[in-house]
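Got the viewer open? Let's take a short walk through this one, a stop at a time.

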Amino acid sequence: MSKARRPKTLSAKRRRESRHSSTRPSFPEIYMKMAFLLARRSTCKRLQVGTVIASADFRRILAVGYNGNATGLPNTCDRDVEGNCGCLHSEENAVINCAEPRETKKIVLVTHLPCVMCAKRLINLGGVTRIYYAREYRNAESIAILEGSGIEVVQLPESES
């Protein structure tokens with residue numbers, strides 16, 4: 001005669017879920033890892049940056065980008081001038097690749113804090129509610145611009161990404 005199994009109690013279920021959630025990566029962590037993988041495709045000599053644009057519920061990736069020269073041009077920088085190497089920025093490429101309407105709520109994950117011009121491009125993309133970044137950029141002026149436009153800016157520590 002087999003013994004009937006007792007159903008798990010709610011407290012046992014909660015304990016199991018909390019153990020699982022401590023090792024379960026969040027969607028921002030997952031997509032930031034993807035941004036770092038995309039950055040490895042960069043052809044810029046100075047800085048490798050990757051961007052992921054996701055739906056606000058994290059269920060869809062809407063666009064990706066990494067920094068480098070324009071399609072069809074040599075896979076290298078045009079010149080060796082810091083901040084003026086001629087490469088398109090990763091955020092710029094992601095915005096170009098994003099076909100979602102302005103009304104669609106979006107989350108942006110970037111390996112580095114966007115520069116001022118990329119911040120303005122992301123504002124003009126429309127629907128961006130939050131930007132996660134892992135590494136600082138040499139100029140942090142974009143934070144005030146983004147927050148002034150109602151976009152939340154969150155640094156996701158690299159150890160978590």
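Start by selecting helix H3, residues 90-97. Colour Ser 90, Glu 91, Glu 92, Asn 93, Ala 94 and Val 95: these are its buried residues. That's 6 of 8, so to speak, and it leaves H3 mostly covered. Keep in mind as you look around that this is a predicted model.

What covers the buried residues of H3? Add strand E1 (50-55), strand E2 (61-66) and strand E3 (106-112) to your selection, then helix H4 (116-125); the cover includes these four elements.

Next, jump to helix H2, residues 27-39, and pick out Tyr 31. Is Tyr 31 buried or exposed? Its relative accessibility is 9%, below the 20% cut-off, so Tyr 31 counts as buried.

Now show what Tyr 31 touches beyond its neighbours within four places in sequence: Val 52, Ala 54, Phe 58, Arg 59, Arg 60, Ile 61 and Leu 109. Try a distance label on one of these, Ile 61: C-alpha to C-alpha, Tyr 31 and Ile 61 are 8.8 Å apart in space, with their positions 30 residues apart in sequence.

Time to zoom out and colour by secondary structure. You should find 5 helices and 5 strands. Trace them from the N terminus and the order goes α-α-β-β-α-β-α-β-α-β.

Last stop: the whole protein. Of its 161 residues, 40% are buried. Among contacts with a separation of 6 or more, 56% join residues 24 or more positions apart. Switch on the surface and you're looking at about 10000 Å² exposed, with carbon and sulfur atoms supplying 51% of that.

Note on methods
Residues are numbered from 1 along each chain as its sequence is written. This is a predicted model: local features need pLDDT of at least 70, side-chain atom pairs count only at pLDDT 80 or more; totals for chains, interfaces and linings use all residues. Side-chain values use heavy atoms; hydrogens and water are left out. Buried means under 20% relative accessible area, exposed over 50%, partly exposed in between (1.4 Å probe, protein chains only). Helices (H or I, at least four residues) and strands (E, at least two) are DSSP runs, numbered from the N terminus. Contact means heavy atoms within 4.5 Å. Accessible areas come from the Shrake-Rupley method with a 1.4 Å probe; for residues, only the protein chains shown count as cover.
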